[in-house]
Amino acid sequence: MNTSLNNRRIIIAACALIITGYILMSGPGSTEQSFNPDIFSARRIVIAPILCLSGYLLIIVGILRKKA
């Protein structure tokens, strides 16, 4: 029973990581009239995808983790 609670905590933390990653990835885009160089910022093309990927991997860990 305690392991199930720990697995749920891991999955909730992973969901928070994924949501944070998508929030960091969002923002205004470029249009045909104006170019927005912020679409190539390190936050949007490096940090946010790493957070999302680590969240998805942590969900797999939370699902597959067994009792010690």
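This note goes through the helices, the surface and selected residues of a predicted model.

1. Basis of the model. Local features need pLDDT of at least 70, side-chain atom pairs count only at pLDDT 80 or more, and totals for chains, interfaces and linings use all residues. Residues are numbered from 1 along each chain as its sequence is written, and side-chain values use heavy atoms, with hydrogens and water left out.

2. Helix H1. H1 covers residues 2-25, which makes 24 residues. Helices here are DSSP runs (H or I, at least four residues), numbered from the N terminus. From first C-alpha to last, H1 reaches 35 Å, close to the 34 Å expected at 1.5 Å a residue. The expected span is 1.5 Å times one less than the number of residues. Just after H1, glycine 27 takes a positive phi of about 155 degrees.

3. The buried face of H1. Thr3, Asn7, Ile10, Ala14, Ile18 and Gly21 are the buried residues of H1. Buried means under 20% relative accessible area, exposed over 50%, and partly exposed in between (1.4 Å probe, protein chains only). What do these residues pack against? Their partner is helix H2, residues 42-64.

4. Two asparagines in H1. Asparagine 7 lies in helix H1. Its relative accessible area is 12%, so asparagine 7 is buried. Asparagine 7 touches Gly62 and Arg65, not counting residues up to four places away in sequence. Contact here means heavy atoms within 4.5 Å. Asparagine 6 also lies in H1, but counts as partly exposed at 26% relative accessibility. Asparagine 6 and isoleucine 50 are 44 residues apart in sequence and 23 Å apart in space, C-alpha to C-alpha.

5. Alanine 48. This residue is in helix H2. Alanine 48 has 0% relative accessibility and therefore counts as buried. Leaving aside neighbours within four places in sequence, alanine 48 is in contact with Gly21, Leu24, Met25 and Arg43. Gly21 is itself one of the buried residues of H1. The C-alpha atoms of alanine 48 and leucine 17 are separated by 9.4 Å, with their positions 31 residues apart along the chain counted as separation.

6. Serine 26. Serine 26 sits in the loop between H1 and H2. At 42% relative accessibility, serine 26 counts as partly exposed. Its contacts include Arg43 and Arg44, not counting residues up to four places away in sequence. Serine 26 and serine 4 are 22 residues apart along the chain, and their C-alpha atoms are separated by 33 Å.

7. Salt bridges. How many salt bridges does the structure hold? It holds two. The criterion is a side-chain nitrogen of Lys or Arg within 4 Å of a carboxyl oxygen of Asp or Glu. Arginine 43 and aspartate 38 meet in one of them, at 3.8 Å, N to O. Aspartate 38 and arginine 44 meet in a salt bridge at 3.8 Å, N to O. Asp38, Arg43 and Arg44 are thus linked in a network of salt bridges.

8. Exposure in that network. Aspartate 38 is partly exposed, with a relative accessible area of 30%. Arginine 43 is partly exposed, with a relative accessible area of 30%. Arginine 44 has 12% relative accessibility, so arginine 44 counts as buried.

9. The aromatic pair. Rings of Phe, Tyr and Trp (its six-membered ring) pair if their centres lie within 6.5 Å; planes under 30 degrees apart count as stacked, over 60 as edge-to-face and the rest as tilted. By this rule the count comes to one aromatic pair. Phenylalanine 35 and phenylalanine 40 form it, 6.1 Å centre to centre with 35 degrees between the planes, and the pair is tilted. Both phenylalanines, 35 and 40, are exposed. Phenylalanine 40 lies in the loop between H1 and H2, and its relative accessible area is 55%.

10. Nonpolar surface patch. Which residues make the nonpolar surface patch? Phe35, Phe40, Ile45, Val46, Ile47 and Ile50 make it, over about 630 Å². Patches are made of residues with over 30% relative accessible area and no salt bridge; like charges are joined within 9 Å, and nonpolar side chains (Val, Leu, Ile, Met, Phe, Trp, Tyr) within 5 Å. Accessible areas come from the Shrake-Rupley method with a 1.4 Å probe, and for residues only the protein chains shown count as cover.
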